[in-house]
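Hi everyone, thanks for making time for this. I'd like to walk you through one structure today, at an easy pace, so please have the picture open while I talk.

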Amino acid sequence: MGLPDKEQLHILYQSLLSLTSEAECRDFLQDLCTVQELISLGQRLEIARRLSRGDSYLDTAAQTGASTATISRVNRCLAYGTGGYAKIIARLPALEQGDPGKTRSGRGRGAGHGGRKK
């Protein structure tokens, strides 16, 4: 018998909070998600960034390749959601000021990049 959904989500959230570098985060998410799921998550964040800065649905669709339905869903979350997108978007400028290849551990992108370990 599996864990209750609430407990499973708690473990997921705590797992994400325990990650200490971009490389650890990448490795965990690559194991956890399919390639398409990761692409979709990244796309949604980019949509939220673009809408937050005032880009139109049409420009956002053209730049991200997302459907207007996906853009609308992200926009609803921005307007009526829990504020998660806004919190992350507010933190992104500080992250982007440094070397985008640096992780919190100070190592560059190259660490652990490449093929997956078996």
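**A walk through the helices**

Let me begin on the outside of one helix: the face of α4 turned away from its buried side carries Leu 58, Ala 62 and Gln 63, which are exposed. Helix α4 covers residues 57–64, and its buried residues are Thr 60, Ala 61 and Thr 64. Looking down the axis of α4, you find those buried residues within an arc of 100°, so they line one face of the helix. What lies over the buried residues of α4? The cover includes α3 and α5. And just after α4 comes Gly 65, with a positive phi of about 80°.

Before going further, please keep in mind that this is a predicted model.

Now let's step back. The chain has 6 helices and 0 strands, so if you follow the elements from the N terminus on, you read α-α-α-α-α-α. Of the 118 residues in the chain, 16% are buried. Here is one more number for the whole chain: take the contacts between residues at least 6 apart in sequence, and 47% of them join residues at least 24 apart.

Next, the start of the chain. How do helix α1 (residues 5–18) and helix α2 (residues 22–32) pack? Their axes are 9 Å apart, at an angle of about 150°. An angle over 145 degrees counts as roughly antiparallel, and α1 and α2 are therefore roughly antiparallel to each other. On the α1 side, the contact is made by Leu 12, Ser 15, Leu 16 and Ser 18, while α2 brings Glu 24, Phe 28, Leu 29 and Leu 32.

On to the core. In soluble globular proteins, nonpolar side chains tend to be buried together. The largest nonpolar core here has 8 residues, namely Ile 47, Ala 48, Leu 51, Ala 61, Ala 66, Ile 71, Val 74 and Ile 89. Two elements, α3 and α5 (68–80), give two or more residues to this core, and the largest share, 3 residues, comes from α3.

Let's zoom in on Leu 51, one of those core residues. Leaving aside neighbours within four places in sequence, Leu 51 is in contact with Tyr 57, Thr 60, Ile 71, Val 74, Asn 75 and Leu 78.

Arg 50 also sits in helix α3, which spans residues 35–52. Is Arg 50 buried or exposed? Its relative accessible area is 14%, and anything under 20% counts as buried, so Arg 50 is buried. Beyond its neighbours within four places in sequence, Arg 50 is in contact with Asp 55, Thr 60, Gln 63 and Thr 64.

Between α3 and α4 there is a loop, and Ser 56 is found in it. Ser 56 counts as partly exposed, at 31% relative accessibility. Ser 56 and Ile 71 are 15 residues apart along the chain, and their C-alpha atoms are separated by 9.9 Å.

Last stop, the cysteines. A disulfide is a covalent bond between the sulfur atoms of two cysteines. How many disulfides does the structure hold? It holds 0. Take Cys 33, which is in no disulfide: the nearest cysteine sulfur belongs to Cys 25 and is 9.5 Å away. The cut-off for a disulfide is 2.5 Å between the sulfur atoms. Cys 33 counts as buried, at 16% relative accessibility, whereas Cys 77 is partly exposed, with a relative accessible area of 27%.

That's my tour, and thanks for listening!

Notes
Residues numbered from 1 in each chain as written. Predicted model: local features only at pLDDT ≥ 70, side-chain atom pairs only at ≥ 80, totals over all residues. Heavy atoms only, no water. Helix = DSSP H or I, 4+ residues; strand = E, 2+ residues; numbered from the N terminus. Buried < 20%, exposed > 50% of the residue type's maximum accessible area, 1.4 Å probe, protein only. Contact = heavy atoms within 4.5 Å. Core = buried A, V, L, I, M, F, W, Y, C linked by side-chain atoms within 4.5 Å. Arc of directions from axis to C-beta. Axes fitted to C-alpha atoms, helices over the stretch in contact; angles between N-to-C directions. Parallel < 35°, antiparallel > 145°, perpendicular 65-115°, else oblique.
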